[in-house]
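Here is a short report on one strand and its partners, and on one pocket. Keep the structure open as you read.

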Amino acid sequence: MKKWLIGTLGVAATIIGAGIYHVETEYAGIGLPWNDRVDLPVLPHYDNLKQQLSASDHGELYFASKSPYDFSVLLNNFEQAPVTTGMGTLFLPDNIEQLGAVPAMIIIHGSGGLKPERENGYAKLFNELGIAAFVLDYYQPRGVTSDHSYLQKTLTASETDIVVDAYAALKLLSTHPYIQADKIGVTGYSYGGMATRYTMDARVKNILAPEHPGFALHADFYGPCHQTLGSNETTQAPYLAVFGDSDNSVNPAACKIVHKALADAGSDVEVLMLAGAGHAWENVIERKEYDFPYIKNCSFNFQPETGLPMINGKVTSYADENADRGQRAYARAKVMMDAPECIGKGYIVGQDDNADRQAKTALTAFVSRHLLSEQTVKTAETNGNSEADNTEATN
């Protein structure tokens, strides 16, 4: 009997231990009663951070950035935000010496990380148009590796961190002799698309780059519209939104409200909804419904003055003013317990060549109109005229 009891307890302990390990590794320990933080990766150290670029600078570049994590820190206490490293890869057109100074586009990947067929593919497209391209990586300099789960990745870098990296990259690229400082745009995909829209916030621009002209344009690819920053004041730069009507993670009704607010605030807004398209159509994976989480039936926002997070108009879990990044990540993740009704699962992701072609046609025309010469605009619009006609102008 004693041996049976010891054996049973041993099995129970093994099962409980395995369960705890599973929660710790797959769910970052959220829900375990003794946890009040997420163990984020150690921030790696990088040398040779760039402050000023020379004509020969291209490829991987590292630069100083910050990780406020919470929007409240960015809005009210940015000087105290932890100093971190930003990084990205600069691609210049092959004939840059003949072209001279050219416009540039900063490219922000999605929550799943860099996808060469997507970010590098867009970099190639921009280079062919005579535009420099900077592929931003917001995961690697925050210690994320391929061994981290999807949840661990998304908890390592918040959308606020991404916006800070994007503005730090903007200021760095502006020092390059071959880049026109007043003609740098930004484009992003999914999580990066949402961050791209956030870079339009006038308060954010005034905090992060008060002396800079700011981004010349914003192109948002299938960025969710469930969350806004609590203010409709924009930099008034032009904005393009492209998404599919079969993508559960992007609510067209919510996007319509967001896009109207941007247009009412003075931004030139263009919207292209692709019939039958899902999410991340550039990714070379089978197009089907995957069991990925997304926000549904809820609106997320921030109080305009404090920057505290809200769900459906009510303040939700947030970290103490003196919390570190791990504690802030835990408070952020508690939405899964605070509002489980807001979490849906399952949406279409994968390769869709038709959607990809239409999206690139619209992007080429949009970027050409706002960044390039009149002749280049005419060429781009002539080449893609039939599909660009599908673009709906909100303003």
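Two strands pair if DSSP finds at least two bridges between them. Keep that rule in mind for what follows. The model shown here is predicted.

## Strand E6 and its partners

Strand E6 covers residues 218-221. On one side it pairs with strand E5, residues 179-189. E5 and E6 run in the parallel sense, with four bridges. Within this pairing, Thr 187 stands opposite Ala 219 of E6.

E6 also pairs with strand E7, residues 239-244. This pairing is parallel too, and four bridges join E6 and E7. Here Ala 219 stands opposite Leu 240 in E7. So find Ala 219 in the structure: Thr 187 stands opposite this residue, and Leu 240 does as well.

## Which way the side chains of E6 point

Which residues of E6 point one way, and which the other? His 218 and Asp 220 point one way. Ala 219 and Phe 221 point the other way. All four are buried.

## The second largest pocket

Now turn to the second largest pocket. Its volume is about 550 Å³. The lining holds 32 residues. Nearest the centre of the pocket lie Cys 225, His 226, Gln 227, Thr 228 and Val 258.

Helices H7 (191-198) and H9 (252-264) each give two or more residues to the lining. Strands E9 (288-295) and E10 (300-302) do so as well. Which element gives the most? Helix H9 does, with five residues.

The lining is mixed in its chemistry: 15 residues are nonpolar, 13 are polar and four are charged.

Definitions and conventions: Residues numbered from 1 in each chain as written. Predicted model: local features only at pLDDT ≥ 70, side-chain atom pairs only at ≥ 80, totals over all residues. Heavy atoms only, no water. Buried < 20%, exposed > 50% of the residue type's maximum accessible area, 1.4 Å probe, protein only. 1 Å grid on protein atoms, 1.4 Å probe; cavity = no way out; pocket = protein on both sides within 12 Å on 5 of 7 lines; lining within 4 Å. Points joined across faces, edges and corners; volume = space filled by probe spheres on them. Nonpolar A, V, L, I, M, F, W, Y, C, P; charged D, E, K, R; others polar.
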